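I opened this entry to keep a record of what I looked up. The notes follow the order in which I went through the model.

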Amino acid sequence: MADGRIAVGAALSEKLRILADAAKYDVACTSSGTARRGNGSGLGNCVAAGICHSFSGDGRCISLLKVLYTNECIYHCKYCVNRADNDIPRASFTPEELCRLTMEFYRRNYIEGLFLSSGVLRNPTYTMELIFETVRRLREDCGFQGYIHVKAIPGAAPDIIERIGYLADRMSINLEFPTAEGLRRLAPNKSRALILTPMRQIQNRSIACREELARYRHAPQFVPAGQSTQMIIGASGETDLQIMSVAQRLYDNFGLKRVFYSAYMQVNEDRALPALPGGPPLLREHRLYQADWLLRFYGFEAGELLSEDRPNFNMVFDPKCDWALRHLELFPVEINRASYQTLLRVPGIGVKSAQRIVKARRLGSLDFADLKKIGVVLKRALYFITCRGRTMYPVKIEEDYITRNLLYVKEKLPPELRGEVTYRQLSLFDDGMPLSAGEQFVLTAGESGAAAGSLWERSSI
Amino acid sequence: MTTVFVCEDSLDGILTGVYDAWDSRLGHENVKLKTEEDDTMELFCQYRAVRTDVEKAEKVLRTVRKRMGEKAREAVCYAAACPDERKADAIYRLIVLGLSLKDGSQAVNCLQNPSVLLVEKLRYKAWHEAERMLGFLRFQELAGGILYAYMEPPYAVLPLIAPHFADRLFQENWIIHDRKRKQIAVHKIGSGWFLADAVLLPPGFTGEQTESEAEFQALWKTFCRSIAIAERRNPACQKNLLPLRFRPFMTEFQV
């Protein structure tokens, strides 16, 4: 290991190359959650929504200077590129170097702040002390007011975590694997308890701190942007249901701001690790993120999206579409009357469109043309909604029919919605639409979806 | 016959146009607002040039703020920054609608109205562009420690983004240069910022970089290269989130 070590005086650029490269598998690069105006003497502020400063070649956002303090590590986590027995070049920053980099990058508007993680040098507490010294120097000596995200190392003393928490905006502790069994097998030096204990500590401390803040306006803030965590997907043979249940529990019981999912990347050859000839499971990761949004912003629960007999997401449809197709008894919903929560559950309607619908319908009823302008994705939504009691054109509320149509949306989008003009050639042999115009059903709002469904079935010749 | 009020392509210009068009008492359906660079003349129209008057503009903006709320004011300001020939008229119609409603603050929600929808869309576009520029703007350090950034945005975002940097880089001297509109925003250590014509670049401004500037630019490029995961390469996604038009101005994409 020592032969690969970069000398202490090595060029800063070489260190940066190694330590940014070692940090790239950490997913979180968000700078959101804190709103802080400049204090007039130091450098920087924070924007609640976060700011992306660039996007790297893999399409991920670059918001923070994401580096490891050191990539030397005493642990043997099987999946990790920095594990002790890997023969790779090793390097460590000094607190001065990190402060200088952060300040100068920040002045030039390259970054929102610093993301500091680390390999384990000697022991977790010692490493966290080094991180603390860096962050303290940055905040107190350099007057840095930007965003700081610190990765806590499981097993570090509670005292050091608390001290860092008062300086950082966000802290995170990686859960690594959704199952305790996977963690035991692939990260022998870590355990579930070691990870969850500091997570609980941070949660309790920030709740207490919020109470203090309510009482004293200038009470110091503890991890104001909350904590996040990260799980590796596809390395320990877990199901999507297990992952989503864990995520749900983390949001509900630990008050986490974000759970990140990272498709397993094969960096080490190891018997315990799966081979991934098809590359990292990126589509699966994508579906998990979609479901994660459903948990956080759409009022869904993990148990609704997946079940024991369907433990994995449908790769063809997104989780919401998949859910809607299995719950057709709840559809169609009337756009002009349905509650906000109901609108959110319609495929093709997102948070933004739902909010716009709720606002706009106060001033007059909405039609499909309005919905299109508002931003509703009609090619998905049209099977699930009515406007003023009518569906957009005769559709069957039937799983096979909708599935077939959703898979070929391009051909099926009716011509009147593609352009502004609404003329269409009449056809005697239009097998896609079995109803004539006269037969079009007017669904009154009082009719239940189930009754409507059976009506449609009758009409399919 | 329709009377077209031709106003300057700026927030003040458009708001003056709104004032004059209203003040002309020709009736809302008989007037139309246009911005200057739209040079396609219409038949059967009378054209009337609007002389920008900051006082009139302020009056209109104050009324919008008071009767239609902060959201409407913001929508008008952002929509006026868009390069869209329909914006002036849409803003006029929004204000007409807002002042006719009992609760003027509801006007911006009335998305069934094509003008309101247009203003809302333009507002979002300009806001989005400004939001992107907050991240994509790159400063370089010039001799004397002045931070200098330049851009050529299709939207007039300079006045929208300058307050952010005035707060963030309070203890710095900086200049943001909009090369397309030949405008600069200037900030002096520990004070406010102001807009100026680009010919007024401060005396002694040579554009020469400090010694350490090249070093940090190189470090930043190194960082951006090593943070990308090769197995996940996805240029299409990168292009969606960071369109090519921004890249000539960004350090990490300059050779």
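My notes below cover the chain contact, a helix pair and a pair of domains.

Entry 1, status of the model. I am working with a predicted model.

Entry 2, contact between the chains. I looked up how many residues each chain gives to the contact: 44 come from chain A and 41 from chain B. On the chain A side, I listed the elements that each supply at least two residues: helix 1 (12-23), strand 1 (54-55), helix 2 (95-107), helix 12 (351-360) and helix 13 (368-374). Helix 1 of chain A gives the largest share of that side, with six residues. By class, I noted 17 nonpolar, 14 polar and 13 charged residues on the side of chain A that touches chain B.

Entry 3, a helix pair in chain A. I checked helix 3 (residues 124-141) against helix 4 (residues 158-165) of chain A; they pack at an angle of about 20°, and their axes are 10 Å apart. Angles under 35 degrees count as roughly parallel, so I entered this pair of helices as roughly parallel. I recorded their crossing as left-handed. From helix 3 of chain A, the contact uses T125(A), M128(A), E129(A), I131(A), F132(A) and V135(A). Helix 4 of chain A contributes I160(A), I161(A), R163(A) and I164(A). I sorted the residues of this helix contact into seven nonpolar, one polar and two charged.

Entry 4, domains of chain B. I found chain B divided into domain 1 (2-129) and domain 2 (137-253). Their C-alpha centres lie 31 Å apart. Five residues of domain 1 of chain B are in contact with six residues of domain 2 of chain B. On the domain 1 side I noted four nonpolar, no polar and one charged residues.

Terms used: Residues are numbered from 1 along each chain as its sequence is written. Chains are lettered from A and ligands numbered from 1 in the order in which they are written. This is a predicted model: local features need pLDDT of at least 70, side-chain atom pairs count only at pLDDT 80 or more; totals for chains, interfaces and linings use all residues. Domain bounds come from an automatic or database domain assignment. Two residues are in contact if their C-beta atoms, placed from the backbone, lie within 7 Å. Ala, Val, Leu, Ile, Met, Phe, Trp, Tyr, Cys and Pro count as nonpolar, Asp, Glu, Lys and Arg as charged, and the others, Gly among them, as polar. Helices (H or I, at least four residues) and strands (E, at least two) are DSSP runs, numbered from the N terminus. Axes are lines fitted to C-alpha atoms, for helices over the stretch in contact, and angles run from 0 to 180 degrees between N-to-C directions. Angles under 35 degrees count as roughly parallel, over 145 as roughly antiparallel, 65 to 115 as roughly perpendicular and the rest as oblique. A crossing is left-handed if the near helix is turned anticlockwise from the far one by less than a right angle, and right-handed if clockwise.
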